[in-house]
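Dear colleague,

I am handing over the structure we spoke about, so that you can look through it at your own pace. My notes on what was found in it follow below.

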Amino acid sequence: MNKNVPYKIYLSENEIPRQWYNVRAEMKNDMSPMLNPATGKPVSVSDLSPVFCTELAKQELNNKDKYIDIPDEVVNFYKMYRPSPLIRAYCLEKELGTPARIYYKYEGGNTSGSHKLNSAIAQAYYAKEQGLKGLTTETGAGQWGTALAMACGYFGLDLKVFMVKCSAEQKPFRKAVMETYGAKVVPSPSMETKVGRKINEMFPGSSGSLGTAISEAVEVAVETEGTRYALGSVLNQVLLHQTIVGLESYKAFEKIDEYPDIIIGCAGGGSNLGGLVAPFVSDKINGRHNPHIIAVEPASCPSLTRGRFAYDFCDTGHVTPLAKMYTLGNGYMPSASHAGGLRYHGMSPILSQLYHDGYIDEARSVVQTDVFAAAERFARVEGILPAPESSHAIKVAIDEAMRCKETGEEKVILFGLTGTGYFDMTAYMAFNSGTMSDYIPTDEDLEKGFATMPKTEE
Ligand SMILES: *Cc1c(COP(=O)(O)O)cnc(C)c1O
């Protein structure tokens with residue numbers, strides 16, 4: 001172990017990985033295939049091509065190639081904000097009085113304020129390459145919409161973002177940032193789509209959900225010439241792009257001659273955690289190392305800890321294929337929690353399979369007041385104002401470090417600090433004024449969501 005680790009372990013520009021790592025090529029059990037709901041058969045590239053650009057449809061179904069080249073233009077864009085630093089949390093360690101060595105990979109150092117730009121730029125690049133005019137997407141908390149707006153702005157593509165209505169109302173500045181980068185933002189459910197009109201009719205005054213916004217964005221993509229749809233998490237292609245985070249972390253640890261004993265990440269749709277842990281999961285699969293991997297999710301949207309591992313739609317309007325994943329049911333309406341980026345009913349099929357097979361060792365759910373307490377403790381010593389989503393990982397990293405304090409173990413802890421929280425000050429204000437409450441769904445609440453899942457034979 002190198003005792004003289006700097007605060008920030010930077011890689012050089014030339015050390016940015018040139019290939020993403022496709023964990024599916026090494027998984028002992030590949031995930032169950034996505035199914036076309038009309039035929040019940042596994043989807044093909046031609047099934048997906050009306051929705052996604054062709055190259056991304058191919059990536060979605062690729063379980064053969066262990067490495068996939070990152071296009072030069074994407075690497076060049078990465079150079080604007082990557083490599084991102086791996087930071088040794090010396091100040092947090094001191095504050096906690098722990099013998100653990102804590103590291104975090106910081107993805108908040110770009111204007112979108114999160115890791116989401118890593119996939120947004122790749123998806124926009126392939127759309128441009130294919131000669132498309134534009135993309136559609138949805139955004140919940142707003143980070144993904146912002147990232148894709150930046151990426152589309154860079155390549156001169158049109159972008160229409162369906163933004164979950166309550167979020168659009170709570171976060172007007174997010175909308176303004178997207179518009180600044182040239183995107184058109186539509187609160188969802190809208191009156192622009194069949195799905196949106198139907199939801200508005202069924203639930204007048206609906207404040208929207210990610211599942212509904214996805215249905216709207218897909219509908220517009222399929223019906224508009226030269227337009228495809230982009231998604232910010234859950235999909236295999238997104239997890240693939242996010243492996244840049246894990247690959248850089250891996251290299252940085254090699255430089256300082258350390259290796260994490262515990263790896264922690266928040267899990268919304270699962271792409272950031274999947275990307276962070278992928279190279280370490282490769283070590284587990286191949287028997288080289290066995291770090292303990294923990295997924296952290298909000299108690300209000302507990303897909304891994306209380307969901308079912310089954311086929312479900314990826315959206316509420318049932319326009320997407322069926323994926324086998326941990327899910328709360330496509331009709332599950334999470335309460336208005338402040339970690340908007342973690343409020344999705346399902347979980348990446350890759351991450352779900354890895355969890356099912358024990359490569360993700362553990363999932364924990366945490367309540368939001370504990371998350372914000374951890375966020376503030378972290379902010380006051382480490383300086384960075386963390387996103388509520390990222391703070392789920394901080395909470396568990398602190399718990400693990402405190403356990404080391406009790407046992408005296410000098411464990412190496414790595415967690416993903418996925419982004420910054422400047423647009424989440426309403427949530428911080430609620431926490432600071434003591435008006436934030438915790439919501440844990442009852443089993444009955446969850447049953448309502450499960451009842452919306454399709455009945456498929458295993
Ligand atoms: C979207 C988002 C997440 C959730 O990421 P997933 O890859 O969907 O799990 C976490 N943190 C931040 C800051 C986000 O914007």
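**Notes on the structure**

In strand 11, Ala295 is the bridge partner of Gly265. Please keep in mind while reading that this is a predicted model. The pair belongs to the contact between strand 10 (residues 262-266) and strand 11 (residues 292-298), which run in the parallel sense and are joined over 5 bridges. Helix 12 packs on the sheet here, where it touches strand 5 (101-106), strand 10, strand 11 and strand 15 (412-417), and its direction makes about 155 degrees with that of strand 10.

The sheet in question is an open one of 7 strands, which follow one another in the order 1-4-5-15-10-11-14 with mixed pairing. Its edges are formed by strand 1 (8-9) and strand 14 (362-366), each of which pairs on one side only. As a general reminder, the strands of a sheet pair through backbone hydrogen bonds, and they do so either parallel or antiparallel.

There is also an open sheet of 4 strands, in the order 8-7-6-9, and here the pairing is parallel. Strand 8 and strand 9 are the edge strands of this sheet, each pairing on one side only, and neighbouring strands are turned by 25 degrees against each other on average if direction is ignored. Within this sheet, strand 6 (residues 134-139) runs parallel to strand 9 and is joined to it by 3 bridges, with Thr136 standing opposite Tyr229 of strand 9. Helix 6 (residues 143-155) lies across strand 6 and strand 7 (158-164), and it runs at about 165 degrees to strand 6.

**The ligand**

Which residues are closest to the ligand? Of the 19 residues that surround the ligand, the closest are Lys116, Ser233, Gly268, Ser271 and Thr418. When the residues of this shell are sorted by character, they divide into 4 nonpolar, 13 polar and 2 charged.

Several distances to oxygen atoms of the ligand can be given. A polar backbone atom of Gly268 is 2.7 Å from an oxygen atom of the ligand, and a backbone N or O atom of Gly269 lies 2.8 Å from an oxygen atom of the ligand. In Ser271 it is the side chain that takes part, with an N or O atom 2.7 Å from an oxygen atom of the ligand. On its own the ligand has 390 Å² of accessible area, and the protein covers 98% of this. The elements that give two or more residues to the shell around the ligand are helix 12 (271-285) and helix 16 (388-407); the former is the helix described above as packing on the sheet.

**Backbone details to look at**

Where in the chain is Pro83 found? Pro83 is in the loop between helix 3 (72-81) and strand 4 (86-88), and it is joined to Arg82 by a cis peptide bond whose omega is about -10 degrees. A cis peptide bond also joins Ser188 and Pro189, with omega at about 10 degrees, and Pro189 lies in the loop between strand 8 (184-188) and helix 9 (194-202).

Finally, Val234 is a residue other than glycine with a positive phi, near 70 degrees, and Val234 is found in the loop that runs between strand 9 (227-229) and helix 11 (236-256).

With best wishes

Key: Residues are numbered from 1 along each chain as its sequence is written. This is a predicted model: local features need pLDDT of at least 70, side-chain atom pairs count only at pLDDT 80 or more; totals for chains, interfaces and linings use all residues. Side-chain values use heavy atoms; hydrogens and water are left out. A residue is near a molecule or strand if one of its heavy atoms lies within 4 Å of it. A polar contact is a pair of N or O atoms within 3.5 Å; within protein, one must be able to donate a hydrogen and the other to accept it, and residues adjacent in sequence count only if both atoms are side-chain atoms. Accessible areas come from the Shrake-Rupley method with a 1.4 Å probe; for residues, only the protein chains shown count as cover. Ala, Val, Leu, Ile, Met, Phe, Trp, Tyr, Cys and Pro count as nonpolar, Asp, Glu, Lys and Arg as charged, and the others, Gly among them, as polar. Two strands pair if DSSP finds at least two bridges between them. Contact means heavy atoms within 4.5 Å. Axes are lines fitted to C-alpha atoms, for helices over the stretch in contact, and angles run from 0 to 180 degrees between N-to-C directions.
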